[in-house]
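Work through the two exercises below with the structure open beside you. Each task is followed by a solution that goes step by step.

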Amino acid sequence: QTCALPIYLVIGSTSDSDGFRTDGRLEVGANTVILLDRNQAELGSLTTIGTNQPGTLHSDYGFILEFGDNLEGFGTIETLQGDSGGPLINNGNITGNSSEQPITINTKVKGVGTFDHVVMNGEFTPGFSPALWKSGTVTYTDLNRFVIELGGRLAGSEFDRVEHYLAKLGGTLDVQLIDGFKPLLGDLFEIGRHTSELQSRQYLV
């Protein structure tokens, strides 16, 4: 099932916990689409936004992209601003067209999914507990808060490690101790690796 949309469209219902859910394709194009749901809107196997012009996909209380599902194109993903907005839970794959035509995410992000040619403007917490998380080219702007969990000394299972092809760092690095872990003086934690290049303007820790 494929749904191609006009310039501006509102779909779903905020009175229903299953207000918007699809297992198929959603083609937003260079349009603005608002998905209504009492919780997170559930995206399907393929969601595309933008053409040569950006599109916008909005859901007040966030989105869910499940394992094997894909979000692709050029444009903006957004929710309500501040604590009222829900997260984007990405367990699938989010891929922008290119570094010049990225997908920009203006909300909190969680999950174990991948990103490539993506700009992060909100809080990002990789995984659902300490994890080894791999991704492509990601830009973290000055609006981003990157949350890293430390619960031990083993990368990927006791503390978060992120591996990018290319990362452009900005914003705030928020290191959170979990499970009662207390690091010792001299402990080193390699929380980031990059295959191609690491660019950092200013990172507040």
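**Exercise 1.** Find how S4 and S7 pair, and then decide whether the residues of S7 are buried or exposed.

*Solution.* Strands here are DSSP runs of E with at least two residues, numbered from the N terminus, and two of them pair if DSSP finds at least two bridges between them. S4 and S7 run parallel and are joined by 3 bridges, with Val33 standing opposite Leu57 of S7. S7 is also parallel to strand S10 (residues 75-78), through 4 bridges, and there Gly55 faces Gly75. Buried means under 20% relative accessible area, exposed over 50% and partly exposed in between, with a 1.4 Å probe and protein chains only. In S7 (residues 55-58), Gly55 and Leu57 on one side and Thr56 and His58 on the other are all buried, so both faces are covered.

This is a predicted model, in which local features need pLDDT of at least 70 and side-chain atom pairs pLDDT 80 or more, while totals for chains, interfaces and linings use all residues. Residues are numbered from 1 along each chain as its sequence is written, and side-chain values use heavy atoms, without hydrogens and water.

**Exercise 2.** Which parts of the chain does the salt bridge between Asp187 and Arg153 tie together?

*Solution.* A salt bridge needs a side-chain nitrogen of Lys or Arg within 4 Å of a carboxyl oxygen of Asp or Glu. For Asp187 and Arg153 the closest N and O atoms are 3.0 Å apart. Asp187 lies in the loop between S21 and strand S22 (192-204), and Arg153 in the loop between S20 and S21, so the pair ties together parts 34 residues apart in sequence. Asp187, at 25% relative accessible area, is partly exposed, and Arg153 is partly exposed at 45%.
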